[in-house]
Amino acid sequence: MILNSSQRGGAYNLADHLMNDKENDHVTLFEVRGFIARDLRGALSEAYAISKGTKCDQFMFSLSINPPRDQDASEQDLLDAVERAEKKIGLENQPRAIVFHEKEGRRHAHVVWSRIKASEMKAINLSHYKSKLTSLSRDLFLDHGWDLPNGLRHDGGKSPLNFTLDEWQQAKRLGLDPREIKQSFHDAWQISDNTSSFQHALEDKGYFLARGDRRGFVALNIKGEVFSVPRMLNMKTKDVRDKLGDPDDLRSVDETRAIIKEKVTDHIHSYVDQVDAKHKDDLEPLNTRKLEMRAHHRQERITLNAKQKQRWKNEVIDRANKHHKGMRGLWDLVSGNHAQIKRENEKDAWGALKRDQGQRDNLVKAQMKDRRDLQRDIDKLRRKHTQNRSILNRDIAQTIRMSAQSERIQTHERQKSIKRDYRGPSL
């Protein structure tokens, strides 16, 4: 069942929405527990009133429970899901209301809990409730034997050899439920009518058909683990043979392991290429910003330099014009006024020089700050890339070690088998 949840306020709006019979064929208020009122609006109003004694704004927890479109969940199925969700997220014995909706021949349930624990007048902290409910949703699908949606499947319903780099790294962190493995085999079986089609269907899900030691049908995953096909399908060996025929044309387990190792090795190389390409793509916008910033900064300096030069020329002319010509200039020279003007001009020129220098310094400082901010982004991304590469290298080394360990185990088993055959049967 798909579980959608949220913490929220808005008691009146939620009550009106859940009891709306215009958009639903049928609306049933199935249960009101822990409230004095027996109607939904009154019950949620009580939850709101109690929450006013706390600082909690999102005093309700709302959950919708949706069975698959092609499945009819019974009333008890929905109630069981409610009980399991309540326990999973830690709302046991809290006041709650359950509403059933029916629309277009499908039924689903809505549950609203009060988050306020009245005895303590505190809101219950619902940590990681989304991940907990996602896990419960998977379990409900598997318990009912329903096909898992791809969004809930750890393997995504496809071969790990078709994973992207992100999907592969995620899949490594997740263990597969045995029920989910069986479902992959059942899915492949349902769409197959002979050995070849079954083989291709299994490979799409990451399993490789092979001939077992006793001439039976087995399948290996990319780690080299062996699964009995009849056992995974809950079928008799004879019934599997009736559909698939004789396994003699299939590769042995050892041959299949060697092929898987080659495929995985090639795929790991593709991950390295993906990492390199992604790192290059990640840096491209920053490199573009760097080039654009460099060009902009250079233009700013050229503009400032041109303006300063022009101003300097104008100021030189102004200072020169302070010296009089003709008889007045001669008088300034005799009276000493000329020397005074010269000293003032030199002082003004020095002040202008320092002013222009300060303007250039201020511009450079501002540009350097912009460049340092950009460089921090670049360095941060480079550190992330270094970490990603380190993790990938560790994963590759781990995969190689696992492969080598598997080979050592196989060699040891073969040697033990040879020794037993050499000694002959025990008496």
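## A surface patch, two loop residues and two cores

Met327, Leu330, Trp331, Leu333 and Val334 together form a nonpolar patch on the surface, and their combined accessible area is about 620 Å². The model described here is predicted. One member of the patch, Leu333, belongs to helix H11, which covers residues 326–335. Leu333 has a relative accessible area of 55% and therefore counts as exposed, since the cut-off for that class is over 50%.

### The chain as a whole

The chain has 427 residues, of which 36% count as buried. Its secondary structure comprises twelve helices and ten strands. The chain exposes about 26600 Å², and 50% of this area is supplied by carbon and sulfur atoms. Where contacts join residues at least 6 apart in sequence, 70% of them link residues at least 24 apart.

### Two asparagines with positive phi

Most residues other than glycine have a negative phi. Asn93 has a positive phi although it is not a glycine, and the phi of Asn234 is likewise a positive value in a residue other than glycine. The table sets out their values and locations.

| Residue | Phi | Relative accessible area | Location |
|---|---|---|---|
| Asn93 | about 65 degrees | 70% | loop between helix H3 (75–89) and strand S4 (96–103) |
| Asn234 | near 55 degrees | 57% | loop between helix H8 (229–233) and helix H9 (237–244) |

Are these residues buried or exposed? Asn93 is exposed because its relative accessibility is 70%, where over 50% is required. Asn234 is also exposed, because its relative accessible area of 57% passes the cut-off of over 50%.

### The nonpolar cores

Which residues touch the most other members of the largest nonpolar core? In this core of 29 residues, they are Met1, Leu3, Phe61, Leu63, Ile65 and Leu133. Two or more residues of the core come from each of strand S3 (60–66), H3, S4, strand S5 (106–114) and helix H4 (129–144).

Ile65 illustrates these contacts in detail. When residues up to four places away in sequence are not counted, Ile65 touches Met1, Ile2, Leu3, Leu78, Ala81, Val82, His108, Ala109 and Val111. Among these partners, Met1 and Leu3 are also named with Ile65 as the core residues that touch the most other members.

A second core, separate from this one, contains 18 residues. Its members include Trp189, Val229, Met232 and Leu233. Helix H8 spans residues 229–233, and Val229, Met232 and Leu233 of the second core fall within that range.

Notes
Residues numbered from 1 in each chain as written. Predicted model: local features only at pLDDT ≥ 70, side-chain atom pairs only at ≥ 80, totals over all residues. Heavy atoms only, no water. Patch = residues over 30% accessible without salt bridge, like charges linked within 9 Å, V, L, I, M, F, W, Y side chains within 5 Å. Areas by Shrake-Rupley, 256 points an atom, 1.4 Å probe, with all protein chains shown as cover. Salt bridge = Lys/Arg side-chain N within 4 Å of Asp/Glu carboxyl O. Helix = DSSP H or I, 4+ residues; strand = E, 2+ residues; numbered from the N terminus. Buried < 20%, exposed > 50% of the residue type's maximum accessible area, 1.4 Å probe, protein only. Core = buried A, V, L, I, M, F, W, Y, C linked by side-chain atoms within 4.5 Å. Contact = heavy atoms within 4.5 Å.
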